[in-house]
Amino acid sequence: MSMQNHKVKRWFLAIALIVFGLFFSQVFFTLYDFYTTRPQKAKAFCQTKPPFQVETVKEDLPIIYGVTSTYKRYLQLPELTRLSQTLRHIPKFHWILIEDSYEKTETVTKLLQQSGLNYTYLNAKNNLPPTKFIKDYNTRRMGLNWIRENVPPTKDAIVYFIDDDNTYSLKLFHEIRATRRAAVWQVGFIADLLSEGPVRCKDGKVLEWKVYWWPDRHIPIDMAGFAVHVKLLFERPEAEFRDLPDMESDFLSSLCVTRDNIEANNCNDILVWHTQTKTPEVKE
């Protein structure tokens with residue numbers, strides 16, 4: 001009996017060592033990919049010339065395309081109402097609202113019709129096929145695809161990704177409109193920090209970042225903390241969101257945006273915040 005128990009223990013130990021080895025080998029290759037393979041590929045890719053250079057037809061006031069993913073919940077209508085009433089004050093603005101749904105809903109349709117905004121309403125179901133990290137993967141990609149299919153490459157336009165549960169200062173959109181290729185700024189209330197992003201700048205360049213989560217990312221920034229000129233989407237037509245934990249950073253890397261060339265015109269003010277409305281406890 002003792003011999004049999006000894007053999008069972010050895011089997012358990014062998015299985016545990018295999019599982020342990022597989023786990024740490026996966027961690028090793030993930031870290032190697034992040035710190036070595038991906039940066040090398042990005043550097044080599046960005047040394048190649050784009051298929052064509054976009055010559056923007058300059059306008060006195062570039063248009064802003066705001067891309068928002070939304071989904072059904074108790075707070076959807078009040079948060080979209082609050083956001084739409086902020087966006088009404090922004091001149092030359094087009095709202096691309098993509099809902100996580102199989103079909104367009106009456107709630108969002110009525111809100112947009114009554115908003116007084118220029119808008120495009122789209123729908124796509126997220127998590128089909130299942131994603132590992134990004135819950136609104138399909139809707140964000142649909143927004144990018146719509147821009148590439150409907151906005152002329154020479155249009156003087158800025159793309160900004162707007163979450164429906166954030167709070168935005170109108171001053172932020174003046175900063176966004178100054179974007180020449182890609183620009184960055186701070187975002188308030190992230191990862192237990194008062195703000196995250198560039199905290200010291202000089203001559204339009206970032207000198208210092210304040211980041212809590214994964215500071216070694218290519219560009220350590222939240223989705224609300226950057227905007228890109230539409231011409232980048234056409235110069236790098238293969239650039240897309242990917243289902244990765246550092247989706248924002250990876251997307252900027254695919255556009256050949258780096259810490260050295262990203263624009264930073266305002267590192268002092270916090271003009272967008274990750275505010276979280278408390279979900280009501282509704283008794284049906």
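**Strands, rings and enclosed space in a predicted model**

F251 counts as buried, because its relative accessibility is 0%. The model in which this value was computed is a predicted one. F251 belongs to helix α7, which covers residues 247-254. Its ring partner is F161, in strand β4. The two residues lie 90 residues apart, and their pair links distant parts of the chain. F161 is buried too, since its relative accessible area is 1%, and buried means under 20%.

Aromatic pairs were then counted. A pair of aromatic rings is described by the distance of the centres and the angle of the planes. The count comes to 12 aromatic pairs. One of them joins Y160 and F173. Their centres are 6.2 Å apart, and the angle between the planes is 85 degrees. This pair is edge-to-face. Y160 sits in strand β4, whereas F173 sits in helix α5, residues 170-177. The separation is 13 residues, and this pair also links distant parts of the chain. Both Y160 and F173 are buried. The F161 and F251 rings have centres 6.1 Å apart and planes at 85 degrees, so this pair is edge-to-face. Ring pairs also build a cluster, made up of F93, Y160, Y168, F173 and W185.

Charged side chains lie over some rings. R73 is placed over the face of Y71, 4.3 Å from the ring centre. K104 is placed over the face of Y121, 5.5 Å from the ring centre.

Strand β1 was examined next. It spans residues 63-70 and is mostly covered, with eight of its eight residues buried. Its residues point two ways. I63, Y65, V67 and S69 point one way from β1. I64, G66, T68 and T70 point the other way. The residues of both groups are all buried.

β1 pairs with strand β4, residues 157-161, in the parallel sense. Five bridges join these two strands. Opposite I63 stands A157 of β4. β1 also runs parallel to strand β2, residues 93-100, and seven bridges join them. Here G66 has W95 as its bridge partner in β2. Helix α2, residues 76-87, completes a β-α-β unit with β1 and β2. This unit is right-handed.

Strands β8 and β9 show an antiparallel arrangement. β8 covers residues 193-202 and β9 covers residues 205-210, with five bridges between them. R200 stands opposite E208, which belongs to β9. The two strands form a hairpin with two residues between them. D203 lies in the turn and has a positive phi of about 55 degrees. Beyond the hairpin, P215 is found in the loop between β9 and β10, the latter at 226-229. P215 counts as partly exposed because its relative accessible area is 43%. P215 and G197 are 18 residues apart along the chain, and their C-alpha atoms are separated by 10.0 Å.

Empty space was searched as well. Rolling a probe the size of a water molecule over the atoms shows where empty space is left. The largest pocket has a volume of about 800 Å³. It is lined by 30 residues. Of these, K135, R140, D163, D222 and H274 are the closest to the pocket centre. Several elements each supply at least two residues of this lining: β1, α4 (137-150), β7 (187-190) and α7.

The search of the whole structure also finds one cavity of 30 Å³ or more. The largest cavity holds about 80 Å³ of space. Its lining includes L172, E175, A183, V184 and W185. Also among the lining residues are N265, N266, D269 and L271. α5 and β6 each supply at least two lining residues.

W185 takes part in both the ring cluster and the cavity lining. It lies in the loop between β6 (182-184) and β7. W185 counts as buried because its relative accessibility is 6%. W185 and L271 are 86 residues apart in sequence, yet their C-alpha atoms are 8.4 Å apart in space.

Key
Residues are numbered from 1 along each chain as its sequence is written. This is a predicted model: local features need pLDDT of at least 70, side-chain atom pairs count only at pLDDT 80 or more; totals for chains, interfaces and linings use all residues. Side-chain values use heavy atoms; hydrogens and water are left out. Buried means under 20% relative accessible area, exposed over 50%, partly exposed in between (1.4 Å probe, protein chains only). Helices (H or I, at least four residues) and strands (E, at least two) are DSSP runs, numbered from the N terminus. Two strands pair if DSSP finds at least two bridges between them. A crossover is right-handed if, with the strands pointing away from the viewer, the path from the first strand over the helix to the second runs clockwise. Rings of Phe, Tyr and Trp (its six-membered ring) pair if their centres lie within 6.5 Å; planes under 30 degrees apart count as stacked, over 60 as edge-to-face and the rest as tilted. A charge sits over a ring if NZ of Lys or CZ of Arg is within 6 Å of the ring centre and within 35 degrees of the ring normal. On a 1 Å grid over the protein atoms alone, a cavity is a set of points where a 1.4 Å probe fits but cannot get out, and a pocket is an open set with protein on both sides within 12 Å along at least five of seven lines; lining residues have an atom within 4 Å of a point. Grid points are joined across faces, edges and corners, and a volume is the space filled by probe spheres set on the points.
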